Amino acid sequence: MPRPSQAPWLLAGLLLTAVVGVLAQTVVGPGDVGFGDVVDVLRARVTGTPANNRLADALIWAVRLPRALLVACCGAALGCAGAVTQGLFRNPMAEPGVLGVSSGAAVLAVTGMFFGLDSLGLWVTPTLAFAGAVATLLALVTIVGSRRTVATLLLAGIAIAAIGSALTTLLLALAGARWDLGLKMIAWLMGSFESRSWAHLGWSLPPLAGGMLLALWLRRDLDVLLLGEPTARSLGVDTTRFRNLAIICIALLVGTTTAVAGVIGFVGLVVPHMVRLWIGPRHRRLLPASAAAGACLLLAVDTVTRGTTSVVLPPGAITSLIGAPWFLWLLRRRGG
Amino acid sequence: MLTTSPEPHAQPRHAPRKRLLEVCAPALTSPVVALGLLLGSACHRTSPELDPSHTRVISQTALSDEILWNLGPEARARVAAISSLADDPQYSDVAGRWPTDVPRLAGQSEALLARTPDLVIIASFTAPETQAMLRAQKVKLRVLDGFTGFADYRTHVRAIAGDLGLQAAGDTYLRSFDTQLQQLKSRVVEASPRPRVVTWHAGNTAGSQTTFQALTDTLALENIPAANGRTGHFALTGEQLIAWDPDIIVTACAPDLATDNGVENGCVRAERQLAAMPGIAATKAARNRGVLAIPPRMLFSSGSGMLDACEYMHTQMIERKLAPGATP
């Protein structure tokens, strides 16, 4: 049974967990780095003096801290995008990928790798991926046109996602003879936070912040839409405008996440669902709680995998492996 | 750099087999695989034991393309097809050398069978279905297995030369190769401790039992992943790379890149980009010009390109004062 009164406590707990997760990320991993080094590096950065340990400074400031913050931001974005998607389609099994935004982002990113454009700089692949996400969004809006019902949107999104997947598969097949290119493409498609830096965080923050603010702005319309489209219209919701804004919101959040970290599934599907089971469907509480839970889940997965193995594991696969059994247990416990 | 010959490629001498091909090829190239298999079975040769001096060979690995070329004109004359990687300068040491009339095949069973080869050279990682189909057609296979350094390379050269009845040509070639390798080794000065090196390309590195280990052994360097007990190729995080703080980081590069300002040396750019990466910039390698970018045909080679890679790395290390014995 949902307990909306627990929402503030849940949100506070999740935010605290996220902060602890970010701090934990800075000491987990290879190299002899402890909390003392973290304090020393942060002090040095704040005061502008050189850190005592050159390698600790490189590991904590240049690698771990931006990565941890990016992981948290991407998890939050995916959780929030999932809540908006499920509200838009009024279906708890909908996930952000159904609009084909991730697939579209992947096509352009992989195309850039195929033609060697990524060698021009670190910014190329994220830029292409984001351009792919925007192009997919424009294609979706154009194709659906004025017949913008939820069902048409869903079907058009599925078709566009299928085209994107097919094109990506074709490019992978063509790249098969050049094994290192194929390896690079597959690694990107699996999703990764490896070697992400302050630059990646800087590129992603504005669109992610914009997407989340937009989601919060849409919270009342999302609530009203739960009553059905005709009811929402009768209550004064401009459903066409609402849908356009919701699509832009999802594209900003998912497109940016895919651009900086590759395709990460599952978070957008299950996190909002789990949070909804706990605190109910009101988006005023659901959106921030989903964002915080998404951040915590992705941080936990990234910290645990980095701390337990030196093998680079795709976060999307691990989130599914950890979250899905928990989700199933929760469904069974709560009677579906 | 090794044995090459200006003689043109000669056409194979197999008129009777060509007639057989005319009968069987349409069936073998049919898109209906099952039918192709049935008809192919009806057309297969009954005896796989052939006179090595008349062996009609198809190469399906970049390494065997290179070995066949280096074995000289007699070997080249027996070649019915080579791999589709043969012309790729990123991976092939003999790119642009094989005549254009030699077909390039990408491992499709039908296309291979249609050429009626006596011997197909494949790798252990060739699709098992392709291997099974070729075996079912009684085609002799030379499966190259083990790509971990100079010893494996010598084994492969001897095996292919033996298959073609050209043992003498194989021995001559290997003598020339080993002479150059010994000359290089004699120029390498051992330092104590050895400079610590890691190869890192597209997030992957190489431990022991790899060609990179062979390069580091030759150049008296310590391959850090191998020293940490890691074998084979595996993904390496940038974080671990920084924590190891190597003296030298070796990566691959495209030698020439077209840019707005003309052609830029892609290796210089690759070194600059890697050395400037967050975190990596703090390593000894990045601070002391120890980031070495070398063309992939050398770094990824399991053939004569390994020797080129050693020469290239040695020259670069001397120039940058990274090599043992260089001026501190």
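**Exercise 1. Work out how helix α5 and helix α6 of chain A pack.**

Step 1: find the helices. In this predicted model, α5 covers residues 124–144 and α6 covers residues 150–174 of chain A. (Helices are DSSP runs of H or I with at least four residues, strands are runs of E with at least two, and both are numbered from the N terminus.)

Step 2: look at the axes. They come within 10 Å and cross at roughly 135°. (Axes are lines fitted to C-alpha atoms, for helices over the stretch in contact, and angles run from 0 to 180 degrees between N-to-C directions.)

Step 3: name the arrangement. That angle makes α5(A) oblique to α6(A), because under 35 degrees counts as roughly parallel, over 145 as roughly antiparallel, 65 to 115 as roughly perpendicular and the rest as oblique.

A word on the ground rules: residues are numbered from 1 along each chain as its sequence is written, while chains are lettered from A and ligands numbered from 1 in the order in which they are written. Local features need pLDDT of at least 70 and side-chain atom pairs count only at pLDDT 80 or more, whereas totals for chains, interfaces and linings use all residues, and side-chain values use heavy atoms, leaving out hydrogens and water.

**Exercise 2. Do the same for α8 and α11 of chain A.**

Step 1: locate them. You'll find α8 at residues 198–217 and α11 at residues 239–261.

Step 2: read off the geometry. The angle is about 155°, and the axes lie 9 Å apart. That makes α8(A) roughly antiparallel to α11(A).

Step 3: see who touches. Among the contact residues are A:L208 and A:W217 from α8(A), plus A:L245 and A:L252 from α11(A). (Contact means heavy atoms within 4.5 Å.)

**Exercise 3. Describe how chain B meets chain A.**

Step 1: count residues. Chain B gives 27 residues to the contact and chain A gives 25.

Step 2: check the area. The two chains bury about 2200 Å², with 59% of it on carbon and sulfur atoms. (Buried area is the accessible area, with a 1.4 Å probe, that two parts lose on being put together, summed over both.) On the chain B side, B:Y91, B:E239 and B:P278 lose the most, together 26% of what that side buries.

Step 3: look for salt bridges. There are 3 between the chains. (Each is a side-chain nitrogen of Lys or Arg within 4 Å of a carboxyl oxygen of Asp or Glu.) B:D245 and A:R54 meet in a salt bridge at 3.0 Å, N to O.
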